[in-house]
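Student: Got a minute to walk through this model with me? I'd like to start with the cavities.

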Amino acid sequence: MGRVSEPSSTPWWRDAVIYQVYPRSFADGDGDGMGDLPGITARLPHLADLGVDAVWLSPVYPSPQKDAGYDVADYRGIEAMFGTLDDFGRLSERAHELGLRVVMDLVPNHTSADHVWFRAALAAGPGSPERARYLFREGDGDAPPNSWRSVFGGPAWTRVEDGSWYLHLFDSSQPDLDWTNPEVVAEFEDVLRFWLDRGVDGFRIDVAHGLVKADGLPEWDHDQALLDGSAATGERPPMWDQEGVHEIYRGWRRVLDAYPGDRMLVAEAWVTPPERLARYLRGDEMHQAFNFDYLRAPWRAAELRAVITSTLVAHETVGAPATWVLSNHDVVRHASRLGYPAGQEPTSGVGPDDPQPDAELGLRRARAATTFMLALPGGAYVYQGEELGLPEVTTLPAGVRQDPSFARTNGEDTGRDGCRVPIPWEGGEPSYGFGPGPAGWLPQPELWGRLSVAAQTGVAGSTLELYRTLIARRRELHLGRGTLRWHEIDGGDVLAFTSADVLVVANLGPDPVAVPAGATLLVASGDLDAGRVPTDTAAWFRLP
Ligand code: GLC
């Protein structure tokens, strides 16, 4: 309790564990099958017990929910289905009482097609100032202005009645804004102030690498993916990681710096290599950026070690802390991703007809991966339900899937619904404690009964108790502020480092590995084998 007000010279976010709440699926207060703010507020003690520092809420703004809220119709309100601004005030107040910071999700690359700006743009017609807030262009006869593809599949252009086209890097219901327009810049600085005035501690910036497009929207004839840093030819895509984005973040930083307390910005920027990512973290830009290279690394020591080293080196050059993340609402949950042979881990959706993960292997590796991750220096992100060891729900029928990428690719891309299934709190059907209603917006599997918060609380060796122990020890030992030094351990596919007088070992190879004599166990992801660390297990030791 009271951690928020503790005086400290180090800003809280530098070593924070930040918990991502996906509001649709966290807790349903009113029983309509959809999570909401009162539901979240009532469950905040779970986060305090888990020991995290902050909660990041995926978007809760008014939205037609064509992309689960990442299509914002009004940046200064709360979606009725989630509650009201007063409900948000109560959530924020309760969080702060419990010592939890609150991070909002800001979606600046595009608005919803229902936003007043886009409606006005459609009504005003070609050449109008209303259209100049978006990227309207004339096509070439019946062909779109260029060949860009949407990240969710299909063309990135949609034609309107008068024949013009507008750009949408995502769904057609998510028109891209024109960030060279000063009105757009001013509007978002004002939106930041709106939430800062309401006491929020930071913002996660959606698609932070996408806001500015190369001049003239040059051709890009490659398939489009959010994850693409560059084409096989080495060319950089004209819609990602353009120089102009940095000026925007400098402006935002000035806005945040005018407020008391340590307010922060974290970039969702699918940018490689880490030197490019670090440019978002220069002293006058953002504070953190998600490290997706780490999330995407295969379960092999050499690759993980290389990613960690290059991450730390790149972040060091700008004085920013690294962040570590294994799951979020866009990727296959790591308890399932790691249930595939090393090097074959899928990041995008898995459906009923795809090869299925080995659930036992996945959970074992996921526990080891998290144990290892939570010892790394810097900040860490935890996605709701991973503390329960939840797997991806791979068996969702096509009829219930809501991710636009599923529909836009005619099901070729399974989409992200499998990691968004409402989480289990206690009891059994119909909703495993998700809410008082008959069922959640996506069906929950029977397995949820055994994995609920109540079923795991106080159970030695449960994934939930492992997370609680890891987060508490990480704090006591100041591991987030440690300095990593690689440590050589003989034999196999092993990762080992020391930090803050702790030895951290992850064994990714088949045979158990011995640790130095006198090292005493602090916490492990699974049982040790006569003092040795077995396969797919990670452990922390105090050095003699
Ligand atoms: C980000 C979000 C994702 C969303 C997309 C478009 O990648 O994390 O969920 O679909 O942006 O806003």
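**Cavities, fold and odd backbone spots**

Tutor: Sure. Tyr-294, Leu-295, Ala-297, Pro-298, Trp-299, Leu-304, Leu-326, Arg-337, Leu-338 and Ala-369 line the largest cavity. Keep in mind that this is a predicted model.

Student: How does that lining divide into nonpolar, polar and charged?

Tutor: There are 9 nonpolar residues, no polar ones and 1 charged. Arg-337 is the charged one.

Student: How much space lies in the largest cavity?

Tutor: About 80 Å³.

Student: And how many cavities of 30 Å³ or more turn up in the whole structure?

Tutor: The search finds 4.

Student: Switching to the fold. How many helices and strands are in the chain?

Tutor: The chain has 14 helices and 16 strands. Its radius of gyration is 23 Å, close to the 24 Å from the globule rule for 544 residues, so the chain is as compact as a globular protein of that length. The C-alpha trace spans about 75 × 50 × 50 Å along its principal axes.

Student: What share of the residues is buried?

Tutor: Buried residues are 61% of the 544. The accessible surface comes to about 19,800 Å², and carbon and sulfur atoms account for 51% of that.

Student: What about contacts between residues 24 or more positions apart?

Tutor: They make up 67% of the chain's contacts with a separation of 6 or more.

Student: Let's pick one residue. Where is Tyr-383 found?

Tutor: In strand β11, residues 379-383. Tyr-383 has a relative accessible area of 1%, so it counts as buried.

Student: What is Tyr-383 in contact with, leaving aside neighbours within four places in sequence?

Tutor: Gln-20, Tyr-22, Ser-327, Asn-328, His-329, Arg-333, Cys-419 and Arg-420.

Student: New topic: which peptide bonds ending at a proline are cis?

Tutor: One runs from Thr-272 to Pro-273, with omega near -10°. Pro-273 sits in the loop between β8 (264-267) and α6 (274-278). Another joins Glu-429 and Pro-430, with omega about 5°. Pro-430 is in the loop between α11 (404-408) and α12 (448-451).

Student: Why flag those, or a positive phi?

Tutor: Because most peptide bonds are trans, and most residues other than glycine have a negative phi.

Student: So where does a positive phi show up?

Tutor: Gln-65 has one of about 60°, and Leu-217 has one of about 45°. Gln-65 lies in the loop between β2 (54-57) and α2 (85-97). Leu-217 lies in the loop between β7 (202-205) and α5 (245-257).

Student: Is Gln-65 buried or exposed?

Tutor: Buried, with a relative accessible area of 15%. Leu-217 is buried too, at 9%.

How values were computed: Residues numbered from 1 in each chain as written. Predicted model: local features only at pLDDT ≥ 70, side-chain atom pairs only at ≥ 80, totals over all residues. Heavy atoms only, no water. 1 Å grid on protein atoms, 1.4 Å probe; cavity = no way out; pocket = protein on both sides within 12 Å on 5 of 7 lines; lining within 4 Å. Points joined across faces, edges and corners; volume = space filled by probe spheres on them. Helix = DSSP H or I, 4+ residues; strand = E, 2+ residues; numbered from the N terminus. Rg over C-alpha atoms; globule rule 2.2 N^0.38 Å. Buried < 20%, exposed > 50% of the residue type's maximum accessible area, 1.4 Å probe, protein only. Contact = heavy atoms within 4.5 Å. Areas by Shrake-Rupley, 256 points an atom, 1.4 Å probe, with all protein chains shown as cover.
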